[in-house]
Amino acid sequence: MENCNLTLDFPSQEPKKFLVNASKIEDDQLLLVSFSLKENRLENFDEIFAQAPSIICVLRGPDHIFERANENYLKIVGNRKMVGKSVREALPELKDQGFYEMLDDVYNTGKAFIGNAIPVILEDQEKKLNTKILDFIYQPILDSSGDVNGIFVLGVDTTEKVGAMKKLEESENELRNLIDTVPAIIWQTSESGENHYLNKKWYEFTGQTVEQADKFGWLEAVHADDRKRIEHEFFKANENKSSIHSSFRLRNSRGEYRWVLVSGSPKFNSRGDYEGMIGTVIDVNEEKIKEQLIKEKEHRIRSIIEEADVATALYTGREMKIEMANDAMIALWGKNKSVIGTTLHEALPELEGQPFHELLQKVYTTGETYWGKEDLVELVIDDKLQTGYFNFTYKALRNENGEIYGILNMAVDVSEIVESKELLKASESRYRQMADLMPEKVYNIDPEGNVIYFNQGWLDYTDLSKSEFDKKGLNSFVHPSEKDEYYENWKHSLKTGNDFEMEVRYLNKKNKYRWHLNRAEAIRDEKGEIQMWICTATEIQKIKAEEKRKEDFLKLVSHELKTPVTSIKGYVQLLLSLLKNKTDDNFTSIPFEKSPERIDQQVVRLTRLISEMLDLSRIEKNKLILKKENFSLNNLVEETIQDINYTNTNSKIKLTQDHECHIFADKDRIGQVLINLVTNAIKYSPDSPDIEIKIRKRGNNKVAVSVIDSGIGIDKENQKKIFKRFYRIDFKNEDTYSGFGIGLYLANEIVRRHNGKISVASKKGEGSVFTFSLDEVSKDYKE
């Protein structure tokens, strides 16, 4: 009899298992029986997970007695004495957190529980409660008869999550996954080698279903070129009850093949019976594409550092020896590769007196990661001490025993960003100072329509403090009759991004409303997104009052003139009627009839112009009606000169016709323009009676009419304003040059509405040339 299992019960102790062997000795009547104590253990547990910086423990029995726990598990629970105690006894603070119930459910059902980002409140060594966020799995441990006799706990502390620039985050996350987390995929087989358990990560990675991966179905996800080899290695390890450590290409859910590393060890129950294998699968595609395996953690770090776009270096030992530094970091230092192998003190002596050596020593001692944000660093580059600003990290690196052996340093130069911020602050300060000194009222609005800034002009206008004005809000000062329109216009601008412009009345400190011109323009970023609106409110109360006064005055004058002109027209028409009925030969030789007809034409024209003066506001609203016809421009000019000569006998008007043409236009309106220009030339040339009118061709299908005088002329400043409504040049003697300031405005509007242009060329004391140009048409043209 060899190696028979025997279990003995002891009154005051747990049952113990023995291996019993028996054999005959020389005396056939006697047997030699030996008993050897068989230990209950999970072999190779430390070897399997020695490289995994995860939280691991094994619980036994329905009370979940701690059989063993690794250093990381003990650390997270405050280094308590756990082994031999139940979970409820060792971790009483877990009560009402649901973990006792989870363990009971796993033990009673035999179903694994996977927790992702689960908060847990634990006591530390100082008896203080701290919240940790864990990813973990409660995997039932089965005995040889398939019954649950324990729970395997595997977890990862995911409490510390940080954000940084995208490349830094990707590199840091990749490094964290390689160094600080367990392999993504966990698997377990039965003693026959069939798939017994695959965690959720397998199905997420491969896209297989549970049925597809069942038994040996998982092999279908292995690359065809690797399948026979890995199948042979796997069955050989299972047959020999030995470990497996190999790499192969595994198909992911997108149909791509990625290199993975499989590690597994045999699993024995408490009686020493082989129950299959348990292991991990790690995605190592980024670190190893060829057939070479990465066996040491330092090799993985070196690969990441050398390939990282972010400036990266590795320092080892308390002396901070530069073990590795990629090209980006060496360039950042302003050094060359000769610094690798030296200490940081030797390579960068300029860091003395700066806080970085002390920070490194603190991280090396405590293991706490340091995040530097826009820290000032002085480095000697090109033999010159230069100042820069950097975002960087000092992260402690640990060996298999959890001991710190080095520090990983990643850095990004953000000097331009910091300088831009400083310039922006200075620019903003200057902007606010300028805004406060501006006579206009300035305010800024965010994309949602909220006022985020207003200048001193608003406070002076309302006589309120900043807090009082901010509390009342800008809208409270808008005149009630304009609030709805103001709100709707702003709503439209905020929605479309179009510029805002509106005349609004605001309440002032004297409780009176005054007119303001409101303008707003959106400020956009590089993507076209609105960042804010810059708005101004310019007081136009005097302008509005002046416009109203002139409009009222113009209506009054027009009304007073219209009545006598209408009477004159009646008498002229009566005279024409009498003349037409006369047969006396003495009267037929006298041109009485032609003269009154001309008078009648001019009165009709004058009546129309006076009527239009009453509707001057309609011109601004684009409601001027044009009665267009095809006529000779030359004839119109000749007739106009003849008419003007009848009433201005002292002036000499010379006509120069270099071109004859027809135009399609409102004859009376064009005549009105010409009369205005000629009468102005006469009025402003009191000492120079000679006026010249030129008709000439201008470009293709264009004709130009110029009125030239030798009068007082117009300076450059006033040349830009004379076509504005109600604008009059200031003269010392107002009686000499009377008028309402609308003649040139009307002339410009009439020409513009004929798609033409009007311009002036003048010099003070040397006369003026007013020219208007129109489109030329054929004699037979009809619209």
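Visitor: How much surface does the protein expose, and what share do carbon and sulfur atoms supply?
Guide: The protein exposes about 45,400 Å². Carbon and sulfur atoms supply 49% of that area. The areas come from the Shrake-Rupley method with a 1.4 Å probe, and for residues only the protein chains shown count as cover.

Visitor: What kind of model is this?
Guide: This is a predicted model: local features need pLDDT of at least 70, side-chain atom pairs count only at pLDDT 80 or more, and totals for chains, interfaces and linings use all residues. Residues are numbered from 1 along each chain as its sequence is written, and side-chain values use heavy atoms, with hydrogens and water left out.

Visitor: How many helices and strands are there?
Guide: The protein has 24 helices and 30 strands. They are DSSP runs numbered from the N terminus: helices are H or I with at least four residues, strands are E with at least two.

Visitor: And what fraction is buried?
Guide: Of the 783 residues, 42% are buried. Buried means under 20% relative accessible area, exposed means over 50%, and partly exposed lies in between (1.4 Å probe, protein chains only).

Visitor: What about contacts that reach far along the sequence?
Guide: Take contacts between residues at least 6 apart in sequence: 52% of them join residues at least 24 apart. Contact means heavy atoms within 4.5 Å.

Visitor: Cysteines next. How many disulfides?
Guide: The count is zero. The rule asks for a pair of cysteine sulfur atoms within 2.5 Å.

Visitor: Is Cys-57 buried or exposed? Same for Cys-535: buried or exposed?
Guide: Cys-57 counts as buried, because its relative accessibility is 0%. Cys-535 is buried too, with a relative accessible area of 0%.

Visitor: Where's the largest nonpolar core, and which residues have the most contacts inside it?
Guide: That core has 37 residues, and Leu-633, Ile-670 and Phe-772 have the most contacts inside it. A nonpolar core is a set of buried Ala, Val, Leu, Ile, Met, Phe, Trp, Tyr and Cys residues joined through side-chain atoms within 4.5 Å. Elements supplying at least two residues each include helix H21 (633-647), strand S26 (662-666), H22 and helix H24 (743-753). H22 gives the largest share, seven residues.

Visitor: What does Ile-670 touch?
Guide: Leaving out residues up to four places away in sequence, Ile-670 touches Leu-633, Leu-636, Ile-663, Ala-665, Ile-750, His-754, Phe-772 and Leu-774.

Visitor: Any other core to look at?
Guide: Another core lies apart from the largest one. This other core has 29 residues, among them Trp-333, Val-339, Tyr-364 and Ile-404.

Visitor: Back to H24. How many of its residues are buried?
Guide: Nine of its eleven residues are buried, so H24 is mostly covered. Among the buried ones are Leu-744, Tyr-745, Ile-750 and Arg-753. Just after H24, Asn-755 takes a positive phi of about 60°.

Visitor: Which sheet has S29 in it, and in what strand order?
Guide: An open sheet of five strands, in the order S25-S27-S28-S30-S29, with mixed pairing. Two strands pair if DSSP finds at least two bridges between them. Strand S25 (652-657) and strand S29 (757-762) stand at the edges with a single partner strand each, so one side of each has no neighbour in the sheet. Neighbouring strands are turned by 15° against each other on average, direction ignored.

Visitor: How does S29 join S30?
Guide: Six bridges join S29 to strand S30 (residues 768-775), and the two run antiparallel. Ser-762 stands opposite Ser-768 in S30.

Visitor: Which helix lies across that sheet?
Guide: Helix H22 (residues 667-683) lies across S25, strand S27 (690-697), strand S28 (702-708), S29 and S30. H22 runs at about 170° to S30. Axes are lines fitted to C-alpha atoms, for helices over the stretch in contact, and angles run from 0 to 180 degrees between N-to-C directions.

Visitor: Val-703: where is it, and is it buried or exposed?
Guide: Val-703 is in strand S28. Val-703 counts as buried, at 2% relative accessibility. Val-703 and Glu-660 are 43 residues apart in sequence and 8.9 Å apart in space, C-alpha to C-alpha.

Visitor: Last one. What pairs with S21?
Guide: Strand S21 (residues 500-507) pairs with strand S22 (residues 513-524) in the antiparallel sense, over eight bridges. Trp-515 in S22 is the bridge partner of Arg-505. The hairpin has five residues between the strands, and Asn-511 there takes a positive phi near 65°.
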